[in-house]
Amino acid sequence: MTVTGNEIIHQYLRHNKKFPHVLCAGCGHGIVLGTLIRSVHQLQIPKDDVVIVAGIGCSGRLAVYVDFNTVHTTHGRALTFATGIKMANPKLNVICIMGDGDALSIGGNHMIHAARRNIGVTALVLNNNIYGMTGGQSSPATPAGSVSMTAPFGQLEKSFDTVELAKGAGANFVARGTVFHVRKLEKLMVTAIERPGFNMLEIITPCHTQFGRKNKYKTPVDMYKWLKSNAMDIERYNEIEEGKRGDKFPIGTFIERDQPGLEERYYKLKADLRKARKEG
Amino acid sequence: MARPKKHKEIFAQGNEAVVEGALMAGCSFYGGYPITPSSEIMEIMANRLPLTKDGVFIQLEDEIASMGAVVGASLAGRKAMTATSGPGFSLKQENLGYACMAEAPLVLVNVMRGGPSTGLPTSPAQGDVQQARWGTHGDHPIIVLSASDVQECLEMTITAFNLAEKYRTPVILLLDEITAHTREKIKIPHPHEYEVVSRIVPTMPPEWYKPFEETVRGVAPMPPIGSGYRFHVTGLTHDVNGFPTSRPDEVVDHMERLHRKIDQFFYDIQIVEERQTEDAEVVVVAYGSVARSAEFAIQQAREAGVKAGLLKLKTLFPYPRRATEKILGQAKRLIVPEMNMGQMSREVKRVNCGRASVRTINRFDGQIITPSEILKVIMQG
């Protein structure tokens, strides 16, 4: 008997939580959550070993709906809580859900240092290019030229490249996917959860309510079409000449390293020290 | 009959004593960011924790991160601690409020230095008393302790951990630079001489467990993350299951319980020490290193024939009202010396309601308050 997607999802949802959820119809965040559930299911990780640590905003609310250990933290600080949890109990599988504000703006410093120390946490950055829950203000990922509540005359600043940041800071695994390319996203997410060390997966997810509506993508369908036609595999993306890339952006795996996580190195140091002490 | 073992005695500064106390209380997680005059706590922890059975030490990128990590570790079942000083304390406030809301036990030591802002680094002050009470946003109860000598640093750190675990709340230990950096001989108590409290973990089946339910103790048992009790923790106002709510009845229940869990155990939390207050006509109310100056001053006053006494506050918040009330019935004069512009004297005056005269002695120039300064005011009559 084949198990359908719904049956998997229902195993992991909190039935005692007061649904419906807070997300707008057409939001990509639900797809991310579904993908997350399927990835955990595929890896056969027991629910008790999974900790979801979320930041603030629409993405932060995802933690409420799933039947794992869930911690909804303060704005931008999800990675700091996750670091404490992972160091305190390295057996746990810690997954951080952050928005673009969480990960790049208020929490930018934590992102750099989590990657640098290579703490064994999976960071999912749900990038919708806007502050959704607070009403559509510019985020560091808002593309230059687009309109937001705080950039009514067009965003002047360049948008942040999450992938380059994580790569530069020293993350073990850096990838990007979109909620349109679900199968591919699932593969990337499975890898991100499975691997040791700090793994960053950026997920491009549309916010038609706050971003699309002001920027020529009035319906969710418009935004998904945009994702479909602009996201492409890195290999294909690299073949295009630099000047002709336009709005296109690469998805896939950008870097794969196999360094042990900080918690692994710390506990090894502890064991070595204690052994040396016993032997005098 | 076995002779009682002699106490181990060490020559230590306040910051070292804090570490000793923390380890004796079972602290197994330290996350921090260095700042004088608290840095020694972190440095010693970095040396000690990796050698203990399950101790974890981590230096984070900033004060905010260290507070976040400590809350995370607490949720994962650790007795966790961090230490800081004034400016760092301000940065920790948001996540401190989170810990109050999520009822995560932890200990936060603040070795106060002169302020505001960068202020007077490594000069003694007591300027963060009201920040400790009201620094984070919203209405919430908090436990704030202080210590006036090195031995007390050790003891009050143990107390801080015990209260944190008992009441599922962050506890702040306020020290001043004099206490933190003074070196003196202290006794390390034997394990049977002090109590170590650990949080109660649930024994009921996971599906019965409600993480934020009222109990006779005021707080629900708290399992470490990953032990089979899956629940939601949030900084949002939540119901007994931990899920966000804005239903007025649930909000009221939640807020009232947060306050009640502390209120109903005032007798356990409000710790004071009295010296010669039985017949005192003038009482000095002091805390931290100032209490030591005050103690010397009242002795000198007694020698000069003045009936002087000392009320030493070891708990600053919730303010030990009962102990003050008792004194207000008999003493004609109260003197409140402190190294700030009058943060604790507010509390004394609030309780006083005009029953005695309240004089304050305030220094905020980074200098110690000497016994003679206090004596002068006692003798002024």
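How many salt bridges does a search of the whole structure find over all chains? The search finds 38. This is a predicted model, and the tour below goes from the sheet that spans both chains to the interface, then to a sheet in chain B.

**Stop 1: the nine-stranded sheet**

Select the strands in the order E7(A)-E8(A)-E5(A)-E6(A)-E4(A)-E3(A)-E1(A)-E2(A)-E10(B); they form an open sheet with mixed pairing. Its edge strands are E7 (231-233) of chain A and E10 (232-234) of chain B, each of which pairs on one side only. From one strand to the next, the twist averages 20°.

Next, restrict the view to E5 (residues 173-178) and E8 (residues 249-256) of chain A. These two strands run antiparallel and are joined by four bridges. To find one of the paired positions, pick A:Phe173, whose bridge partner in E8(A) is A:Glu256.

**Stop 2: where the sheet crosses between chains**

Move along the sheet to E2(A) and E10(B). Which sense does their pairing take, parallel or antiparallel? The pairing is parallel, over three bridges. Select A:Val71 and then B:Val233 in E10(B), which is its bridge partner. In general, strands of a sheet pair through backbone hydrogen bonds.

Now add helix H4 (residues 86-102) of chain B, which packs on the sheet. H4 touches strand E2 (69-72) of chain A as well as E10 of chain B, and its direction makes about 140° with that of E10(B).

**Stop 3: the interface of chains A and B**

Colour the two chains separately and select the residues in contact: 40 in chain A and 43 in chain B. Together the chains bury about 3400 Å², and 57% of that area is on carbon and sulfur atoms.

Then turn on polar pairs. Between chain A and chain B there are 23 residue pairs in polar contact, counting pairs with both residues at pLDDT 80 or more. On the chain A side, the elements that each supply at least two of the residues touching chain B are E2, helix H3 (78-88), helix H5 (108-117) and helix H10 (262-278). By class, the residues of that side divide into 14 nonpolar, 14 polar and 12 charged.

How many salt bridges lie across this interface? The rule finds three. To view a salt bridge between B:Arg230 and A:Asp67, select both residues; their closest N and O atoms are 3.0 Å apart.

**Stop 4: a salt bridge within chain B**

Hide chain A and select B:Lys185 and B:Glu9. They form a salt bridge, with the closest N and O atoms 3.6 Å apart. The pair links distant parts of the chain: B:Lys185 is in strand E9 (residues 183-188) and B:Glu9 in strand E1 (residues 8-13), 176 residues apart.

**Stop 5: the five-stranded sheet of chain B**

Select the strands of chain B in the order E11-E13-E12-E15-E16, an open sheet with mixed pairing. E11 (272-275) and E16 (357-362) stand at the edges with a single partner strand each, so one side of each has no neighbour in the sheet. The twist here averages 20° from one strand to the next.

Inside this sheet, pick E12 (residues 282-286) and E13 (residues 308-313), which pair in the parallel sense over five bridges. B:Val285 has B:Leu311 in E13(B) as its bridge partner.

Finish with helix H12 (residues 345-352) of chain B. H12 lies across E12, E15 (333-338) and E16 of chain B, and runs at about 175° to E16(B).

Key: Residues numbered from 1 in each chain as written. Chains lettered and ligands numbered in written order. Predicted model: local features only at pLDDT ≥ 70, side-chain atom pairs only at ≥ 80, totals over all residues. Heavy atoms only, no water. Pairing = 2+ DSSP bridges. Axes fitted to C-alpha atoms, helices over the stretch in contact; angles between N-to-C directions. Contact = heavy atoms within 4.5 Å. Buried area = accessible area lost by both parts, 1.4 Å probe. Salt bridge = Lys/Arg side-chain N within 4 Å of Asp/Glu carboxyl O. Polar contact = N/O pair within 3.5 Å; in protein donor to acceptor, adjacent residues only side chain to side chain. Nonpolar A, V, L, I, M, F, W, Y, C, P; charged D, E, K, R; others polar.
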